[in-house]
Amino acid sequence: MSWLLVLVGASLPVMTRAEDETPTVFAVAACDSFAEIREQCAWIGGLVGFPMLAGLPDTYAMMATGGKGLKGLDAERPIGIVVTVDGEASSIHGFLPTTDPDALMETFSGVPFRSMVDMTGAGDWVVVTVKGKPPSINDPQDMLRSITSHLSVGVKLFPSRLPATLKESFLNTAEQGLGSQEISALQFFGALPISGFDKDIASESLAQTEALLFGLAIDKQTDRIFLESRTIFAEGGAAGTFWEAAGDVEPSLGLPPQEGQYSLQVQIAQNLNDATQLEAMEKALLTQIKQDQLRAVVQKLFAVILPQISEYGAFELVAGVAPPKNQNKEQAVSNVVLGMGIADGSAMADQLKGLLDETDVEFDVAKDDGFSFHDIEMMPLGKVTLAIGDKCIYAMTRAADDSEYNAITGRAIDDFRPIATANVRLESLFDGVVGLPPEMAMVVENLELQGEVTLLVRPITRGLAIRVTADGEAVQAGAALAASVVGGITVRPKAELNIE
């Protein structure tokens with residue numbers, strides 16, 4: 001936390017606050033209590049087979065205080081930093097919870113950064129400020145708890161509160177760093193495509209963004225770790241309205257059943273409440289394609305698909321990847337399925353027949369329960385089969401000799417929460433290590449990698465939340481994989497490195 005205080009202090013100008021001005025909170029950083037940090041380190045150490053991790057917080061505390069420890073620290077309350085702005089001035093406050101302010105300040109009397117800061121006892125807190133700047137906040141409890149109630153460690157920013165001078169400085173720095181780069185993406189702030197860096201768009205995005213929260217959570221009770229970000233937009237703004245309505249859709253697509261589990265499973269169901277969104281998606285993709293011939297084909301496909309999606313009224317997509325059925329084959333191909341909701345399957349089939357070359361596609365190879373099937377040869381690896389139903393289209397990789405054509409039946413993926421979910425099952429992902437580079441295959445072939453990693457994108461009140469979760473088994477798998485990679489590094493003898 002002391003390093004964070006120094007870094008934040010170095011990035012903001014030091015000004016004198018007018019006595020009659022009320023400070024506005026611009027940023028808050030917080031972490032769990034010291035006691036909770038101890039427990040979290042012990043939990044992670046137990047998972048990854050490194051029990052010494054449990055003693056790390058106390059070890060660093062002794063090192064930071066020159067062996068004095070943290071006498072006087074309240075180990076049951078969170079620790080944090082609050083950055084305030086007063087007009088164009090800024091102030092930084094570090095907060096240490098305490099049971100004895102004098103004792104706690106004494107423990108820091110000999111640390112290197114002590115000459116750079118002032119420490120003041122204020123009730124149940126020791127407030128740390130830049131030298132010569134008195135505290136303007138004495139009790140940050142609610143601000144810190146607003147972060148630690150969700151995350152173990154996190155940062156909360158309020159971009160719309162950024163003073164004009166600091167905002168201009170930030171935008172100028174960003175323009176210098178990004179202005180010469182070609183960027184093509186969908187901005188969450190209104191879903192607009194950008195090329196390079198536009199100060200006006202960026203400035204408006206900051207003005208519309210009420211709060212940003214991001215950080216890490218360690219949840220021992222549910223045996224998982226997750227990273228999360230939350231963006232809250234200004235009330236009445238276009239961005240907030242856009243994302244609040246984006247999840248107002250009932251998903252209908254599912255993945256075809258198969259033997260075993262899908263290694264990767266993705267589902268997106270988003271209400272199209274902005275007509276420019278599909279155009280932005282097309283432009284973002286096309287700018288990434290450098291080959292003229294491929295770009296022309298993609299443009300033709302978009303000309304057919306985008307009107308179908310727009311009329312459908314939602315962007316609904318499912319995708320699944322599973323290990324090859326015949327893993328011993330020399331050129332085993334993973335089973336890939338991609339499905340999308342469309343307005344009129346029959347019309348789309350007719351349009352594709354007029355668009356694609358019949359020498360490459362065998363149309364109407366089969367029909368089953370309202371689905372028509374069309375094969376695209378991908379030799380020597382196999383073929384891609386298009387299955388077109390009344391309100392959906394699926395593309396599936398298949399073996400060249402696979403002659404079974406069955407309708408895609410079933411219901412929407414269980415436990416889906418709009419707008420998007422993605423689930424990776426490590427055991428299935430590395431099953432048989434087929435298709436992996438030889439170096440990676442050698443690393444994972446003797447490891448029992450299990451667990452799941454999940455991505456969840458969901459709308460919240462006037463905003464959007466993104467969370468990546470790893471369960472305990474996935475954390476163990478990551479540690480085992482890292483240890484195997486490190487253990488496989490050959491350390492050259494000292495003499496060979498000419499080290500005296």
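Hi everyone. Let me begin with one definition: a residue is called buried when its relative accessible area is under 20%, exposed when it is over 50%, and partly exposed in between. Keep those cut-offs in mind, because R398 is buried by that rule, with a relative accessible area of 14%. We will come back to R398 later on. One thing to say before going further is that what you see above is a predicted model.

Let's start with the whole chain. The protein chain is built with 14 helices and 18 strands. It has 500 residues, and 42% of them are buried. Now think about which parts of the chain touch each other. Take the contacts in the protein chain with a separation of 6 or more: 66% of them come from residues 24 or more positions apart. As for the outside, the accessible surface of the protein chain is about 26600 Å², and carbon and sulfur atoms own 55% of it.

Next, the salt bridges. How many salt bridges does a search of the whole structure find? The search gives 16. I'd like to walk you through a few of them.

One pairs K353 with D364, and their closest N and O atoms are 2.7 Å apart. K353 sits in helix α11, residues 345–355, while D364 sits in strand β12, residues 361–368, so this pair ties together parts that are eleven residues apart in sequence. Are these two buried or exposed, or do they fall in between? K353 has 30% relative accessibility, so it counts as partly exposed. D364 is also partly exposed, with a relative accessible area of 36%.

Here is where R398 comes back. R398 forms a salt bridge with D402, and the closest N and O atoms are 3.7 Å apart. The two partners fall into separate classes: R398 is buried at 14%, whereas D402, at 23% relative accessibility, counts as partly exposed.

Another salt bridge joins R425 and E452, with the closest N and O atoms 3.7 Å apart. This pair links distant parts of the chain, since R425 belongs to strand β16, residues 420–425, and E452 belongs to strand β17, 27 residues away. R425 is buried, with a relative accessible area of 16%, and E452 is partly exposed at 32%. Salt bridges can also share partners, and that is how E228, R230, R458 and R467 are joined into one network.

Now let me show you R462, a residue with plenty to look at. Where does R462 lie? You can find R462 in the loop between β17, residues 452–460, and β18, residues 463–471. R462 has a relative accessible area of 19%, so it is buried, and you can see that this value is under the 20% cut-off. R462 has a positive phi of about 55° although it is not a glycine.

What does the side chain of R462 reach? It reaches the backbone oxygen of F233 at 2.5 Å. The side chains of R462 and E210 are joined by a polar contact of 3.2 Å. Setting aside neighbours within four places in sequence, R462 is in contact with several residues, including T231, I232, A234, G240 and E244.

D223 has a positive phi too, of about 60°, and D223 is not a glycine either. You will find D223 in the loop between β7, residues 209–219, and β8, residues 224–233. With a relative accessible area of 33%, D223 is partly exposed.

Let's move to the surface. V48, F50 and M52 make a nonpolar surface patch of about 300 Å². M52 is in the loop between α2, residues 34–48, and α3, residues 56–64. Is M52 buried or exposed? M52 is exposed, with a relative accessible area of 65%.

Last, a word on cysteines. How many disulfides does the structure hold? The structure holds zero. If you want cysteines to look at, try C31, which is buried with a relative accessible area of 9%, and C41, which counts as buried at 17%.

So that is the tour. If you would like something to find in the viewer, start from R462 in its loop between β17 and β18, and look for F233, whose backbone oxygen the R462 side chain reaches. Thanks for listening!

Notes: Residues numbered from 1 in each chain as written. Predicted model: local features only at pLDDT ≥ 70, side-chain atom pairs only at ≥ 80, totals over all residues. Heavy atoms only, no water. Disulfide = S-S within 2.5 Å. Buried < 20%, exposed > 50% of the residue type's maximum accessible area, 1.4 Å probe, protein only. Patch = residues over 30% accessible without salt bridge, like charges linked within 9 Å, V, L, I, M, F, W, Y side chains within 5 Å. Areas by Shrake-Rupley, 256 points an atom, 1.4 Å probe, with all protein chains shown as cover. Salt bridge = Lys/Arg side-chain N within 4 Å of Asp/Glu carboxyl O. Helix = DSSP H or I, 4+ residues; strand = E, 2+ residues; numbered from the N terminus. Polar contact = N/O pair within 3.5 Å; in protein donor to acceptor, adjacent residues only side chain to side chain. Contact = heavy atoms within 4.5 Å.
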